[in-house]
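Colleague: I would like a close look at one part of this model, namely the charged side chains and the partners they find. Could you go through them slowly, one group at a time?

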Amino acid sequence: MRKITYLEAIKESMSQMMRENEDVFVLGEDIGVYGGAFGVTRGMIEEFGPERIRNTPISESAIAGAAVGAALTGMRPILELQFSDFITIATDQIVNQAAKIRYMYGGKGKVPMVLRTPAGSGTGAAAQHSQSLEAWMAHIPGLKVIQPSTAYDAKGLLCAAIEDDNPVIFYEHKLLYRTMDEVPEEAYTLPIGKADVKRQGTDVTVVATSIMVHRALEAAGQLEKEGIQIEVIDPRTLVPLDIETVVESVKKTGRLIVVHEAVKRGGFGGEIVSQVMESEAFDYLDAPIQRLGGLDVPIPYNPIMEKKAVPQVDDIVQAVKKALK
């Protein structure tokens, strides 16, 4: 199977869904000729034209509001926010409108929109352009939240999100855009709400999200040389959450580490830990559960400090060894 980048997989997913369904269109800042802040939509305006690749004013609230309205009329908008930090500007449209309408209308109205946005640190974009705020959106009933870690997952889950009749927040880590994976050429969907076991293991379960999946797998490779086998689980979607896959893994390994880039305090890892503790897996635990997350600081601009502010491979290695003591 051919290999393409994470960025190319997202672009291909949108293009294929737009060819299949004229109701699908993209809107956002500089997504036309410029191709978006990270080049995801580059070249799409040549195929689909400015009516379906719509440049917008620099107003996240206007972009989100227009998307909600379009979705209510039967369109399937994909809005791109240049950085996930800017969700703060569109909170009312997302949280109080998109997330609530289907419930408040008794199911008679639906909001089939996808909000795509790059998140995370590692590019020197500093405190206002590097945050991981997925736990905020996961807290809102009515929203689905997706965090793919591979090109294969990104394409399949984005196709599924575009077909979904509910608003979906789709987080794309900036450091993943250039990573490569085997991806089918045809359009396909992956189930929203189904975790993926990225690596089988017997000693410790590591649940990782987004870029941390790759760091967990690298840590697993290092630990394997010492005879330690860790199982790496990627939830892929935070809402709905496939806690069953995590529970079965913890029952096998007896140990759990949850790692995400977002600040540890209030991060989604706490939700995963709580659900495991409330499940039958509690009786199988042989060590305290550990959470790894970002430090309680804004993301620094300095590259050395930026790296130290979020979990790295060695942090995962040390957490695994601690769990096994």
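Modeller: What follows is an account of those side chains, group by group, with a few other places added towards the end.

Please keep in mind throughout that this is a predicted model, and that every distance below was computed from it. Strand β11 is a useful place to begin, since it covers residues 230-234 and holds both E231 and D234. E231 counts as buried because its relative accessible area is 4%, which is under the 20% cut-off used for that word. Its side chain is nevertheless provided with polar partners: a contact of 2.5 Å joins it to the side chain of K252, and the backbone nitrogen of G201 lies 3.0 Å from one of its polar atoms.

D234, in the same strand β11, calls for more care, as it is buried and yet has no salt bridge. The nearest side chain of opposite charge belongs to K198, at 4.1 Å, and D234 and K198 are therefore not counted as a salt bridge, for which a side-chain nitrogen of Lys or Arg has to be within 4 Å of a carboxyl oxygen of Asp or Glu. What, then, does the side chain of D234 contact? It makes a polar contact of 2.6 Å with the side chain of S149, and one of its polar atoms lies 2.9 Å from the backbone nitrogen of R236.

Both K198 and R236 appear again in a network of salt bridges that links them with D153 and D196. Within that network, K198 pairs with D196, and the closest N and O atoms of these two are 2.9 Å apart. K198 counts as partly exposed because its relative accessibility is 23%, and D196 is likewise partly exposed, at 24%. K198 thus has a salt bridge to D196, whereas towards D234 it is the nearest opposite charge without a salt bridge being formed.

As background to all these pairs, side chains of opposite charge can pair when their charged atoms come close. A search of the whole structure finds 19 salt bridges, and two further ones are worth following because each pair links distant parts of the chain. In the one, D165 is bridged to K110, with 3.6 Å between the closest N and O atoms; D165 sits in the loop between α7 (151-163) and β7 (168-173), while K110 sits in the loop between α5 (101-104) and β5 (114-119), so that 55 residues separate them. D165 is partly exposed, with a relative accessible area of 23%, and K110 is also partly exposed, with a value of 37%.

In the other, R265 forms a salt bridge with D296, the closest N and O atoms being 3.0 Å apart. Here R265 belongs to the loop between β13 (256-263) and α10 (269-277), D296 belongs to the loop between β14 and α11 (303-308), and the two are 31 residues apart. R265 and D296 are both exposed.

There are also positive side chains that gather with one another: K264, R291, K322 and K325 form a patch of positive charge on the surface. Of these, R291 is placed in strand β14, residues 290-294, and it is partly exposed, with a relative accessible area of 33%. A residue joins such a patch only if it has over 30% relative accessible area and no salt bridge, and the 33% of R291 therefore meets the area condition.

For contrast with the charged surface, L72, Y103, M104 and Y105 make a nonpolar surface patch of about 530 Å². L72 lies in helix α3, residues 60-72, and is partly exposed at 36%.

Finally, two uncharged residues may help you to place yourself inside the fold. G156 is in helix α7 and is buried, with 0% relative accessibility; although 143 residues separate it from S13 in sequence, the two C-alpha atoms are 7.6 Å apart. T245, in helix α9 (residues 243-253), is also buried, at 15%, and its C-alpha is 21 Å from that of G293, which is 48 residues away in sequence.

Terms used: Residues numbered from 1 in each chain as written. Predicted model: local features only at pLDDT ≥ 70, side-chain atom pairs only at ≥ 80, totals over all residues. Heavy atoms only, no water. Patch = residues over 30% accessible without salt bridge, like charges linked within 9 Å, V, L, I, M, F, W, Y side chains within 5 Å. Areas by Shrake-Rupley, 256 points an atom, 1.4 Å probe, with all protein chains shown as cover. Lys, Arg positive; Asp, Glu negative; His and termini not counted. Charge placed at Lys NZ, Arg CZ, Asp CG, Glu CD. Helix = DSSP H or I, 4+ residues; strand = E, 2+ residues; numbered from the N terminus. Buried < 20%, exposed > 50% of the residue type's maximum accessible area, 1.4 Å probe, protein only. Polar contact = N/O pair within 3.5 Å; in protein donor to acceptor, adjacent residues only side chain to side chain.
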